[in-house]
Amino acid sequence: MLRRVFEHFTKSKNPNSPRYRMDMAKRICGHHVKYVTERIDNVDEVIGRSGGLNIKGDELLVFASADVLMRCKIADMEAAELLSKDGVVITAPDLEHDGRVRTVVVYYVYYR
């Protein structure tokens, strides 16, 4: 309990800091993925369904459709949760696709 209070008051509020990015990665890690879209020319295209978000070392992996759709360094990613808290928007250089900067939107599975 005391640890949670301490972490709440000492968390980073700067989205460009490594600590904020690691906290965000830990917050979104472990969610089950309903589907993943990628923005290409201002059009969202579904690129994967049914998967998860995982942290492996210092990298975040977006896994869906039995494939790693995106693998990026946590220190290089920009992530923001959707206002509905139904998903997250991740922008980062993708290590799976030759370091090209990609923006993917990951939608979580909703459990009642």
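**Exercise 1: around helix H2**

Just after H2, glycine 30 takes a positive phi of about 95°; work out which residues of H2 are buried and what they pack against.

*Solution.* Before we dig in: this is a predicted model, where local features need pLDDT of at least 70 and side-chain atom pairs count only at pLDDT 80 or more, while totals for chains, interfaces and linings use all residues. Residues are numbered from 1 along each chain as its sequence is written, and side-chain values use heavy atoms, with hydrogens and water left out.

- Locate the helix: H2 spans 18-28. Helices (H or I, at least four residues) and strands (E, at least two) are DSSP runs, numbered from the N terminus.
- Pick out the buried residues, meaning those under 20% relative accessible area; exposed is over 50%, partly exposed is in between (1.4 Å probe, protein chains only). In H2 these are Arg21, Met24, Ala25 and Ile28.
- Check where they point. They sit on the same side of H2 because they cover an arc of only 100° around the axis. That arc is taken from the directions from the helix axis to the C-beta atoms.
- See what they meet: the buried residues of H2 pack against E2, E3, E5 (78-81), E6 and E7. Contact here means heavy atoms within 4.5 Å.
- Add the crossing angle: H2 runs at about 50° to E5. Axes are lines fitted to C-alpha atoms, for helices over the stretch in contact, and angles run from 0 to 180 degrees between N-to-C directions.

**Exercise 2: the sheet**

In what order do the 7 strands of the open sheet stand, and which strands are at the edges?

*Solution.*

- Get the overview: the protein chain has 2 helices and 7 strands, in the pattern α-α-β-β-β-β-β-β-β along the sequence.
- Line the strands up. The order is E4-E3-E2-E1-E7-E6-E5, and the pairing is antiparallel. Two strands pair if DSSP finds at least two bridges between them.
- Look at the ends: E4 and E5 each have a single partner strand, so one side of each has no neighbour in the sheet. From one strand to the next, the twist averages 30°.
- Zoom in on E1 (residues 32-40), which is joined to E2 (residues 43-56) by 8 bridges. Isoleucine 40 has valine 43 in E2 as its bridge partner. E1 and E2 make a hairpin with 2 residues between them, and aspartate 41 in the turn has a positive phi of about 55°.
- Now the other neighbour: 5 bridges join E1 to E7 (residues 100-108), with valine 36 partnered by valine 106 in E7.
- Finish at E5, which 4 bridges join to E6. There, glutamate 78 stands opposite threonine 91 in E6.

**Exercise 3: the nonpolar core**

Which residues in the largest nonpolar core touch the most other members?

*Solution.*

- Know what you're hunting for: a nonpolar core is a set of buried Ala, Val, Leu, Ile, Met, Phe, Trp, Tyr and Cys residues joined through side-chain atoms within 4.5 Å.
- Name the best-connected ones: among 21 residues, they are Ile28, Val36, Leu53, Met77, Val88, Ile90 and Val106.
- Trace the suppliers: H2, E1, E3 (59-64), E4 (67-73), E6 (87-94) and E7 each give at least two residues to this core.
- Follow one member: methionine 77 touches Arg21, Ala25, Leu60, Cys72, Thr91 and Ala92, leaving aside residues up to four places away in sequence.

**Exercise 4: salt bridges**

How many salt bridges does the structure hold, and which residues are linked in a network?

*Solution.*

- Recall the idea: side chains of opposite charge can pair when their charged atoms come close. The cut-off is a side-chain nitrogen of Lys or Arg within 4 Å of a carboxyl oxygen of Asp or Glu.
- Count them: there are 9.
- Take glutamate 38 and arginine 102, whose closest N and O atoms are 3.0 Å apart. This pair links E1 with E7, 64 residues apart, and both residues are buried.
- Move to arginine 71 and glutamate 59, at 3.2 Å. They link E4 and E3, 12 residues apart. Arginine 71 counts as partly exposed because its relative accessibility is 22%, whereas glutamate 59, at 13%, counts as buried.
- Build the network: Asp58, Glu59, Arg71, Lys73 and Glu96 are linked in it.
- Compare with glutamate 81 and lysine 85, which meet at 3.3 Å, N to O. Lysine 85 is exposed, with a relative accessible area of 53%.
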